[in-house]
Amino acid sequence: MAALRLLVIGGGGREHALSWKLSHSPLVDRIFVCPGNGGTALESKTTNVDVSPSDFPALVDFAIKNEVSLVLPGPEQPLVDGIETHFRKVGIPVFGPTALAARMEGSKAFSKAFMDRHQIPTARFKVFASFEVNQAIEYVRTCGFNVVLKASGLAAGKGVLLPETVEEAIVGLKEIMVDNVFGAAGQEVVVEELLTGPEVSVLAFSDGYTVTPLPAAQDHKRIGEGDTGPNTGGMGAYAPAPVATPDILDRITKEVLQPTISGMRKEGYPFVGMLFTGLMLTEDGPKVLEYNVRFGDPETEALVLLLDPETDLASILLACAEHRLDSVEVKIRPGFGVSVVLASQGYPGNYIKGKEITVGHIPSDVVPFHAGTFTVDGKVVTSGGRVLVVSAYAPTLQGALDAAYAGVANIEFEGKVYRRDIAHRHVPTIVHPLSATPTTGLTYAQAGVSVDAGNALVEAIKPYVRATRRAGADAEIGGFGGVFDLKATGYKDPVLVSGTDGVGTKLRVAMDVGLHDFVGIDLVAMSVNDLLVQGAEPLYFLDYFACSKLDVAVAARVVKGIADGCVQAGCALIGGETAEMPSMYHDGDYDLAGFAVGAVERSLILPQPTIVPGDVLLGLPSSGLHSNGFSLVRKVVARAGLSYAGPCPWDAQQTLGRALLEPTRIYVPSVLPAAQAGLLKGMSHITGGGFVENVPRVLPRGTGCFIDASTWELPPVFRFLMQRGGVEPHEMARTFNNGLGMVLVVAPDVAARAIEALQRAGEKAVYRIGEVTAQSGVEMRNLRAWA
């Protein structure tokens with residue numbers, strides 16, 4: 001391989017540390033650092049370059065003239081601004097992502113949406129434009145959790161506010177969105193749930209396919225000891241962070257890093273470079289706080305000391321840029337790296353520059369990396385807020401800390417400020433709950449099941465459940481089982497009828513759309529409508545909610561829908577089961593099942609044995625698709641290239657997702673009175689299988705029916721499915737309800753009375769759609785009316 005010439009963009013401690021490590025590579029001939037600092041000027045293979053780091057054409061011209069082999073941007077801004085494209089056009093590889101991929105750091109709103117699309121664990125969030133300050137304030141008042149406020153754009157690592165109260169959050173929103181304290185970075189604001197737990201940073205090499213993480217690090221953002229005072233760019237770091245055990249790092253790789261790299265490639269902007277992910281190790285597992293698209297600072301200053309002396313950083317960078325990372329070994333030596341930042345008095349606010357720096361004896365295992373320095377008349381002086389980063393390596397963490405602080409003691413400049421408690425979070429006798437080898441024994445929460453969340457859900461849904469009280473049930477939950485007093489209903493010779501059902505893949509649409517308010521109604525409707533067709537009055541209902549990780553807010557919305565459905569059906573919600581089963585479902589996914597019990601007087605059980613040819617079929621309108629056929633619906637939507645978030649093709653006043661999620665009609669209020677009056681011979685709930693499969697279920701053996709498709713108007717949603725999916729009319733008739741969710745069988749001489757009773761009970765339209773015949777099966781007539 002020809003000798004490499006590298007161009008490093010940047011002038012901080014990170015760039016000095018990278019140049020220092022690269023200068024040890026036998027492959028490297030020359031390192032140009034633009035603009036560099038007082039430390040990069042001292043390395044044997046490095047030369048500072050007096051070109052503006054933001055003048056990309058000038059940098060390209062310099063690189064061509066000096067035969068640069070590889071470009072390494074340090075800060076995020078050049079990457080976000082598209083420096084990679086400029087060099088790619090002239091054939092010079094860059095260790096760093098394209099501008100499209102750099103959006104993962106350049107826009108927190110973009111990265112949060114990406115995580116949501118790819119089910120990468122992160123905090124709950126909502127994004128607001130700067131003109132939506134009132135909506136943002138309302139959100140923090142009503143969201144039900146403590147929040148973090150993040151300016152979406154680049155803010156030099158300082159665009160995050162951690163309000164402790166709602167009032168502080170409102171003040172913070174106004175500062176970002178009205179006062180523009182973070183400038184253009186605050187044009188969008190991410191309001192997200194405050195996560196708790198140890199925080200770690202994981203830096204990982206990637207070539208767009210392979211991802212290779214370095215040891216997890218912990219940094220210290222606050223200026224003051226004990227994590228007090230304002231946020232900074234970072235006051236120190238150490239690695240590996242003991243809290244990030246091998247098992248946890250494996251989870252991070254499988255659940256976060258690899259899905260991120262794969263997702264970016266699939267979306268058309270593969271990531272090449274250093275993916276720097278900030279994570280919170282919560283009781284529910286690692287969750288992403290943010291992405292960065294470059295080496296971290298001051299994490300890099302500690303991590304370069306952990307690279308094995310035989311590991312050639314230059315060969316790794318080049319392998320990533322050439323999409324062959326799996327061809328090189330990234331070898332880490334055992335031990336610990338520590339970095340301690342020396343800052344100017346006044347940082348992160350105003351500070352005085354030009355203070356002379358003197359360096360005494362530095363131990364052999366310590367490297368002082370320059371950050372904000374430059375040389376004047378042979379003297380090194382301060383030029384930035386963070387002046388130097390003193391880094392050390394040792395076999396133990398305490399040894400590395402002792403060495404680093406010994407180096408700090410021998411560096412002097414007026415106004416020197418540093419933290420004396422780097423790595424204070426690590427106490428060797430304590431093992432974090434996520435550790436694979438806890439010394440105090442495992443808990444249920446460590447296995448991924450939160451009893452506290454379950455209890456919180458019960459308390460949240462009690463008001464909804466109480467709203468379903470009726471004769472026979474007080475609708476109180478929390479016991480071992482639900483109780484119903486059948487005697488209180490007044491039945492004389494009752495027969496109990498039971499039914500169970502789910503919502504099917506309509507749930508997938510609800511989860512993709514993020515609208516969970518209606519699937520509970522669907523769940524109730526599917527079961528109680530099945531009781532109704534047997535003439536039964538629904539008495540009580542129980543639900544089953546299963547998930548990998550319980551999201552109390554989502555589950556409460558689902559249960560509220562269940563309670564709403566129970567109110568419509570006149571039945572009591574007397575109990576349920578919430579099953580939190582880690583690894584059984586993807587994060588954010590859930591499944592539902594419902595169980596309903598009703599009663600009917602023995603003499604009124606449907607279908608009656610008196611159904612004969614000539615009896616009339618009446619159709620009652622559906623509210624839409626109800627809860628069946630969604631596997632086909634989703635296929636049609638995908639084939640049409642539509643988004644659930646886009647406008648509905650047949651109703652521009654709502655989104656496609658909202659239209660598809662219109663809840664299933666509950667027919668109990670309008671149909672039960674007619675059934676109890678003895679006006680009906682039978683009923684068919686039109687679910688999966690459409691008319692062709694469902695109507696024959698209530699007809700005596702040897703009989704069938706005809707249904708005239710021209711007797712009612714096919715609703716627009718079904719025309720959409722036919723046209724965009726190329727679904728034939730007969731296939732529609734054996735798959736969907738096509739606008740009629742319930743079919744009733746009545747004698748010809750009582751048809752008028754039945755229609756009048758139904759309309760009196762609230763049915764706005766009742767269609768005479770066909771008759772019972774002496775020939776088995778369902779004859780669909782006039783299907784051309786649907787064309």
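# Exercises on buried charges, helices and turns

D207 is buried and yet has no salt bridge, since the nearest side chain of opposite charge, that of R265, is 7.1 Å away.

The structure is a predicted model, in which local features need pLDDT of at least 70 and side-chain atom pairs count only at pLDDT 80 or more, while totals for chains, interfaces and linings use all residues. Residues are numbered from 1 along each chain as its sequence is written, and side-chain values use heavy atoms, with hydrogens and water left out.

## Exercise 1: a buried aspartate

Task: Find out which backbone nitrogens the side chain of D207 reaches, and which residues D207 touches.

Solution. Begin with the words used above: buried means under 20% relative accessible area, exposed means over 50%, and partly exposed lies in between (1.4 Å probe, protein chains only). A salt bridge is a side-chain nitrogen of Lys or Arg within 4 Å of a carboxyl oxygen of Asp or Glu; for charge, Lys and Arg count as positive and Asp and Glu as negative, whereas His and the chain ends are not counted.

Next, place the residue: D207 lies in strand β9, where strands (E, at least two residues) and helices (H or I, at least four) are DSSP runs numbered from the N terminus.

Then look for polar contacts, which are pairs of N or O atoms within 3.5 Å; within protein, one atom must be able to donate a hydrogen and the other to accept it, and residues adjacent in sequence count only if both atoms are side-chain atoms. The side chain of D207 reaches the backbone nitrogen of T210 at 2.7 Å and the backbone nitrogen of L325 at 2.9 Å.

Finally, list the contacts, meaning heavy atoms within 4.5 Å. Leaving aside residues up to four places away in sequence, D207 touches F271, V272, A319, C320, H323, R324, L325 and D326.

## Exercise 2: the span and bend of helix α9

Task: Check whether the end-to-end distance of helix α9 (residues 246–266) agrees with its number of residues, and say where α9 bends.

Solution. The expected span of a helix is 1.5 Å times one less than its number of residues. Helix α9 has 21 residues and should therefore span 30 Å, and its end C-alpha atoms are 28 Å apart, which agrees.

The bend at a residue is the angle between axes fitted to the seven residues ending there and the seven starting there; for α9 this bend is about 40 degrees at T253. T253 is also one of the buried residues of α9, which include I248, I252, V256 and L257. Among the elements that cover these buried residues are α5 (99–106), α6 (108–117) and β9 (199–207). After α9 comes G268, with a positive phi near 100 degrees.

## Exercise 3: salt bridges between distant parts

Task: For the salt bridges R294–E105 and R386–D297, give the distance and state which parts of the chain are joined.

Solution. Side chains of opposite charge can pair when their charged atoms come close. In the first pair, R294 and E105 meet at 2.8 Å, N to O. This pair links distant parts of the chain, with R294 in the loop between β16 and α10 (299–303) and E105 in helix α5, 189 residues apart. Both R294 and E105 are buried, and together with E76 they are linked in a network of salt bridges.

In the second pair, R386 and D297 meet at 3.8 Å, N to O. R386 lies in strand β22 (residues 386–394) and D297 in the loop between β16 and α10, so the pair ties together parts that are 89 residues apart in sequence. R386 counts as buried because its relative accessibility is 19%, and D297 counts as buried at 11%.

## Exercise 4: two positive phi values

Task: Decide whether H323 is buried, exposed or partly exposed, and do likewise for N738.

Solution. H323, in the loop between α11 (313–321) and β17, has a positive phi near 60 degrees although it is a residue other than glycine. At 47% relative accessibility, H323 counts as partly exposed.

N738, in the loop between α22 (729–733) and β33 (740–746), is likewise a residue other than glycine with a positive phi, here near 55 degrees. Its relative accessibility is 0%, and therefore N738 counts as buried.
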